[in-house]
Amino acid sequence: MPTTAPSRPERNGRLSADDWGQAALDLIAEQGVAAVAVEPLARRLGVTKGSFYWHFPSRDALLVAALERWEKVEQEEVFGQLEAIADPSERLRALFNLVAHEYKSHVIYSELLKALDHPAVQPVIGRVSDRRMEYLTASFRQAGLGRTDAQHRARLAYAAYIGFLQLNLQLHQARLQHDEFDAYVEHVMATLIPSS
């Protein structure tokens, strides 16, 4: 889901741990989890490695902080802004539209899925997936489905999301044409969201 900080922080003083975390997320989006290393990040940020060690004892500590940042931004910005929508079907539509247009977050998520064997990645993906499934299930329940149907619909929606990401990556299609993509998102919503 979304990430908000720019890839190169303002240089009005010392870099923060969040600056390093965001730079690590940017690198994950571009090259994957294995690419996260202190020297390339320091070069990218235009600082020495000493700046890194001011905030983190190791590369793994940075990776954990970056993943926690990604998880927190998703929780606060995505789920937080949807809670203001009272109608459950409209909330689901807003969720689908929001998620559909957060390209960078999709790339980060796809890269994290490729690195599920990394001990820092697996628990974060587990928590994020559980939270997404719980949210979808609760939303489908509030939209009028029974417990089992809501669980199935949530699983189907989440599988469609992950499958679409993987299909685009395998076919090396970063994005569909705008109109084609919007039509696809509308079709998914019409198929999965119960009418009010």
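What share of the 196 residues in the protein chain is buried? Buried residues make up 45% of them, where buried means under 20% relative accessible area, exposed over 50%, and partly exposed in between (1.4 Å probe, protein chains only).

**Before you click**

This is a predicted model, in which local features need pLDDT of at least 70 and side-chain atom pairs count only at pLDDT 80 or more, while totals for chains, interfaces and linings use all residues. Residues are numbered from 1 along each chain as its sequence is written, and side-chain values use heavy atoms, with hydrogens and water left out.

**The whole chain**

Start with a cartoon view. The protein chain has nine helices and zero strands; helices (H or I, at least four residues) and strands (E, at least two) are DSSP runs, numbered from the N terminus. Switch on the surface next: its accessible area comes to about 10,400 Å², with 53% belonging to carbon and sulfur atoms. That area comes from the Shrake-Rupley method with a 1.4 Å probe; for residues, only the protein chains shown count as cover. Contacts, meaning heavy atoms within 4.5 Å, can be sorted by sequence separation. Of those in the protein chain with a separation of 6 or more, 69% are between residues 24 or more positions apart.

**Colour by confidence**

Now colour by pLDDT, the predictor's confidence in each residue, from 0 to 100. The protein chain averages 85, and 89% of the residues score at least 70. Among its elements, helix H6 (residues 103-114) has the lowest mean pLDDT, 84, and H7 the highest, 94. Select residues 1-12 and you will find pLDDT below 50; this stretch has 34 contacts in the model beyond near neighbours in sequence. Where pLDDT is low, the predicted coordinates should not be read in detail.

**Stop 1: leucine 15**

Move on to leucine 15, in the segment before helix H1 (17-31). Leucine 15 counts as buried because its relative accessibility is 2%. Put a distance label from its C-alpha atom to that of valine 47: the two are 32 residues apart along the chain and separated by 8.7 Å.

**Stop 2: helices H2 and H3**

A search of the whole structure finds ten salt bridges, a salt bridge being a side-chain nitrogen of Lys or Arg within 4 Å of a carboxyl oxygen of Asp or Glu. Select glutamate 39 and lysine 49, which form one with their closest N and O atoms 3.5 Å apart. Glutamate 39 lies in helix H2 (residues 38-45) and lysine 49 in helix H3 (residues 49-55), so the pair ties together parts ten residues apart in sequence. Both ends are partly exposed: glutamate 39 has a relative accessible area of 45%, and lysine 49 has 38%.

**Stop 3: helix H4**

Go to lysine 72 and glutamate 76, a salt bridge with the closest N and O atoms 4.0 Å apart. They are four residues apart in helix H4, which means about one helical turn separates them. Before leaving the salt bridges of this kind, add Arg43 to your earlier selection: salt bridges that share partners join Glu39, Arg43 and Lys49 into one network.

Still in H4, which element does glutamate 71 reach through arginine 127? These two form a salt bridge with the closest N and O atoms 2.8 Å apart. The pair links distant parts of the chain, with arginine 127 in helix H7 and glutamate 71 in helix H4 (residues 59-82), 56 residues apart. Arginine 127 is partly exposed at 39% relative accessibility, whereas glutamate 71 is buried, with a relative accessible area of 9%.

**Stop 4: helix H7**

Select residues 121-142. The 22 residues of helix H7 should span 32 Å at 1.5 Å a residue, and the end C-alpha atoms are 31 Å apart, which agrees; the expected span is 1.5 Å times one less than the number of residues. Show its buried side chains, including Val121, Val124, Arg131, Tyr135 and Phe140. After H7 comes glycine 144, whose phi is positive, near 110 degrees.

**Stop 5: arginine 91**

In helix H5 (residues 88-100), find arginine 91. Arginine 91 is buried yet has no salt bridge; glutamate 83, the nearest side chain of opposite charge, is 4.9 Å away (Lys and Arg count as positive and Asp and Glu as negative; His and the chain ends are not counted). Leaving aside residues up to four places away in sequence, arginine 91 touches Leu82, Ile85, Ala86, Tyr135, Ser139 and Gln142.

**Last stop: valine 185**

Finish in helix H9 (residues 178-192) with valine 185, which counts as buried at 7% relative accessibility. Its contacts, not counting residues up to four places away in sequence, are Phe96, Asn97 and Ala100. Valine 185 and alanine 100 are 85 residues apart in sequence and 7.1 Å apart in space, C-alpha to C-alpha.
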